[in-house]
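Q: Please take a close look at a single strand in this model, and then set that strand beside the wider assembly.

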Amino acid sequence: MSDVVLRTEDLGITFGGLKAVQSVNLEIRKKQLYGLVGPNGAGKTTVFNLLTGVYQPTTGTFYLDGEELKGKTQEAINHKGIARTFQNIRLYNNMSVIRNVMVGLHNQPEFRCNPFTSILRLPGHYKAEEAMRARAKEILRIFGLEEERNNLACNLPYGKQRKLEIARALATNPKLLLLDEPAAGMNPHETEDLMHIVRRIRDEFDLTILLIEHDMKFVSGLCDEITVLNFGTVLTQGETSEALNNPEVIKAYLGE
Amino acid sequence: MVKKLLKSDDFKLKNCINYLAVTVALVVCIFMKSQGKLPNSYANLLVQIGYSIILAVSLNLVVGFLGELSLGHAGFMCVGAYMGTFISIQLSEVIDSKIVCLLISMLCGGLMAAFFGFLVGLPALRLKGDYLAIVTLAFGEIVRNIFKNLPWFGKAMGLTTSAVRFTKKDIPLFIIVFIMVLVTLFLVQNLVRSKHGRAITAIRDNEIAAKAMGINVTFYKLFVFVFAAFFAGVAGVFYGHYTTPVMYTFFSYNYSIEILVMVVLGGMGSINGSIIAATLITVINFKLQDALSGDLAALKYLIYALILIGIVLFNNAPKFRPYKERFAPKALIKKLTEKNRKPSDIMSDEADWNKIPTKIKMDEVLTVDVQDKLSAAQKAAKEEE
Amino acid sequence: MNILFNGLSLGAIYALIALGYTMVYGIAKMLNFAHGDVIMVGAYALLVTLNLQGHIALGVVVSVVVCTVAGIVIEKLAYKPLRGASPLAVLITAIGVSYLLQSVSQLIFGAAPQPITIGNFGTVNLFGAEISTSTILTLVVGSVIMACLTVFIKKTRTGRAMVAVSEDRGAALLMGINVNRIIMITFAIGSALAACASVFYLMQIPSLEPTLGSMPGIKAFTAAVIGGIGSIPGAMLGGVLLGVIEKVCLSIPALSPYTTAVEFGLLIVILLVRPIGLLGKKRREKV
C-alpha cells in the first residue's frame, strides 16, 4: 500500500451536463508503467488534464504519494511531482532544443537564482546557468538529442519533437510522468527506440509512468497494467494482455 | 573565474554590440559638444532619442518577449514625469546639485511607476490576452485624468518644471540620459538572457506548456510588467527635466501607440531593432515637425498606420510567407553571408537570444488551409451542378 | 430625471457601438480597435451629404451604407489575411487601421472641428422634466434596433450561423457554414450599427473632428467588457450602465472632473471581481 504513487478516487468531471469522465479509480505503484487506453473521445486526455490541474474535477479527488493534489494550480502540481507531455506537441518552437530542456529545469532547487541575481549578473547567475546547461545536455544525451541541441525545436523531425517533449518533462524531476500518445506519428523503428528510452528513464530516475497510447504493440510491450476507458467510464482494469482480450474491450474498439 | 566570465555569452561581440554602439555615439556627441559643434536643438533631439530608446526597449520586453500588449506605456511615463519631477522640485529647495536631484527623482519616479504597474497588472494579467490592452489603455486615461485635476500638479496648465530643468549652464542632459540608456540595456538584456528570460519567452511561446513545466506564469507576467513600468517612469522623469511644463496631454493614447510603432518597426523581441527604430522615429518626428504643419501633421500618423499594418501583415499573414522568406532583411543578410560560413557555426547556441520571429500558431494556420480547400471543393461542386 | 434620461440615451449610443465590438469579438475572436473610427467615418458621410444639400434621411442612409462598406473593406484587406495569426498581430493591425482612418480623414477634412446641425427637435415635458426630443428619439430608435438585432440572431439562418461560429469556429466550418462570409456579415452589421450611433452622437454633440470616434469607441469597448465581451445582452446592459454613470458623475460637481477615471476605474474593478463581465460566459481552453 505504501508504494502507491498515484491514487485517484472516483475522479470525474462534467462539461455542462456531459459526463466527460466519471468515477475513475486508479492505483499506480512506484516504478510501474501503466497504460491508459480507449477509443477516441473516451476521456483519456481529460484524465491527464484533471491530474495536472488544467481542469478541476467535479467529483472525486486524487493523491500523489498520499498527498491530496485536488484544487491545486498547474504550477503547484508540477512542483509536487507530476509532469506531462501533450497530445498535440507543445514545444517552445522558437527556442533551441537545449533551451527547451532548460525551461524544464527552471524550478529545480539546485539551479535556483532569483531574478535580481540574474539582472545584476552576480556570480550565482553564472553558476546556475552553467549547471543547468550541463544537466540539460545530460538529459538530452539519454534521448539521443545531444547533437541537435542547438537547432530550433520547430526544425526537428516529428519523432524527435516527441522525444524532446518527454525530455523537457523529465527535466522537471517528476515522480510521476504522464505521456500523452508518445509514439503517435513515429515509425516502427522509432517506436522501438522510444520503448527502450521509456524503460531506461523509469529505471534511471525511479519514475512512475502513466501513458496514453493507441499503438497496442507499444502498450502491450511496455505496460504491465492498463485501464481501458470508454465514454468516460472505466471499461476494465488489470494486467495488460488480460484486459486487452476482454470481450468488452474488443467490442468497444471494433463495434458489435 | 575571469576567463570563464569572458567566455560566457555576455561577452560575445554579438551580444554587446549595442553597448558599444551607444557608447561610441555618446562619446562622439560629447566630443562635438565640447568643440561647440553640436547645436542646442540637436542636444535636445539626443535627449528625446535617449528616452525614446528607454521606452521602446522596456515596452519590447512586454510586447515582444512576454507577448502581452500594453497600451498604457505613456501612462506609466506620465506617472514618472509628474511624480518624479514633483519630487525633484521639492528636493531642489534642499539640494543644490541638479544632478543629485535628477538621480533621486529618477529612482522615485521609476518606483512610483512600477508601483502603479503592479496595481494595474495584478488584476489585468490574470486575464487572457486582449484584456490587458484595454485595461492598460484605461489606466493611461485614468492617470491623465487624475493628474489633470489634482491641485498640486498645476491642473490644466501642467506642472512647471523650470526649477529643475537642465539649461545651458548645466552639464548636458543627454549625457545622463545616455548613461541611463546603457544601464537600461544592461538590466533588460541581462534579464532576457537568463533562466528568467527563458521562462518569459516560454510563456509567450506556449503558456499551457509553461504552466505544465511549473513556471509561475502570474509571477513572471507581473514581474516583466512592473519592470517595464519602472523604465517608463524613468523616461518620464527625464522628460520632466527636459521640458516645461509637463503636460498631461502629451501622454495620450497616441503616444503609447508611437512607442508601440517603434517596437513593431524594430521587430518584436529584438532589442537592437527597438534601439534603431526609436532613433529613427524620433529623428523623423524632429525633421517632420517643421515640414508638416497643420492638417498635414496627419501624414505622420498615416505613416505610423502603414508601418504597423504593413509590418504585421508581412510578418504574420500566411499568404506572405513565401515573400517573407525571400525578402526579409534577415533572409537577405543570410544569403549574403552564407557562402563565407563554416557549416559548424550556422546554428550557434546563441542564435535565438536577440531575434525571435513572431509566433504563428501552426494548427490554426492549418485550419485556414482546410478552409481554403473546402471552399474550393464547394466551388467545384457548384460548377458541376 | 433629466440626468437619467440623458444617461439612458448616451447609454443607448454606447450600447449600439458596444454591440459592434462584442459581435466582432464573439465571432472573429478579435478586438476591432478601428470600430470607434468607423463612427467617425459615418459622421463625415452624414456631413458631406448634408453639405451637398441632401436631406437628413438621405444622410442617414448614406452614412449606414458607407460604414457597412468600410467595415467590409477593412475586414477583407486588413484582418482576413491574418486569420490564424497570433491575437497580438491582429490587435496591432487593428490599431494601425484605426490610425489610418483617423489620419486619412484628417488629410481630407482637416483637424479642425466642424459644426453640424441635424435639426432641432425641441423638447417635451415628461414626468415633470424638460427632455429634448432627440434624447427620446435616441432611446426609442436605439431600443428598436437592438430588439431587431436580437430577433435577427435568434430567428434567422444567418443569425444562428453566427452563434455557431462564435461557439466553435472549427465545428461550424465542418457543418458547411461559410465562416468567412459570416465574419464579413458580422463586420457589416457592426459597422451599420456604428453608423446609427454616429447619427445619434451628432445629435447630442453637434461638432465633428477626425478623432471623434476614439473616445466613444474606447468607452463603448469598456461597456462591452463590463457587460461581458461576446454577450449581446451584456453589451446593451454595459452600454446603458456606463452612459448613466457618466451623466450622473458629470452632474456631481466634486466628481465631474474625474468622470473618465470613474468609468475606467469601474472597468478595472469589474474585471477584478468578475473577470468575464456581468453577463459573460466562461470559456474553456482546449489542451
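A: What follows looks at one strand of chain A, its neighbours, and then chains B and C.

This is a predicted model, in which local features need pLDDT of at least 70 and side-chain atom pairs count only at pLDDT 80 or more, while totals for chains, interfaces and linings use all residues. Residues are numbered from 1 along each chain as its sequence is written, and chains are lettered from A and ligands numbered from 1 in the order in which they are written.

The strand is S8 of chain A, residues 208-212; helices (H or I, at least four residues) and strands (E, at least two) are DSSP runs, numbered from the N terminus. Five of the five residues of S8(A) are buried, so the strand is largely enclosed by the rest of the structure. Here a residue is buried if 20 or more other C-beta atoms lie within 10 Å of its own, exposed if 12 or fewer, and partly exposed in between, with C-beta atoms placed from the backbone. In a regular strand the side chains alternate between the two faces of the sheet. In S8(A) both faces are covered, with Thr208(A), Leu210(A) and Ile212(A) buried on one side and Ile209(A) and Leu211(A) buried on the other.

S8(A) has strand partners, where two strands pair if DSSP finds at least two bridges between them. Strand S3 of chain A (residues 33-37) runs parallel to S8(A) and is joined to it by four bridges, and Tyr34(A) stands opposite Leu210(A). Strand S7 of chain A (residues 176-180) also runs parallel to S8(A), joined by five bridges, and here Leu177(A) has Ile209(A) as its bridge partner. Together with helix H7 of chain A (residues 188-205), S7(A) and S8(A) make a right-handed β-α-β unit, meaning that, with the strands pointing away from the viewer, the path from the first strand over the helix to the second runs clockwise.

Turning to the other chains, chain C has eleven helices and four strands, and 54% of its 287 residues are buried. Its C-alpha atoms fill a box of roughly 55 × 45 × 35 Å along the principal axes. The contact between chains B and C takes 46 residues from chain B and 45 residues from chain C, two residues being in contact if their C-beta atoms, placed from the backbone, lie within 7 Å. On the side of chain B that touches chain C, helix H6 (130-149) is among the helices that each supply at least two residues, and H6(B) gives the largest share, twelve residues.
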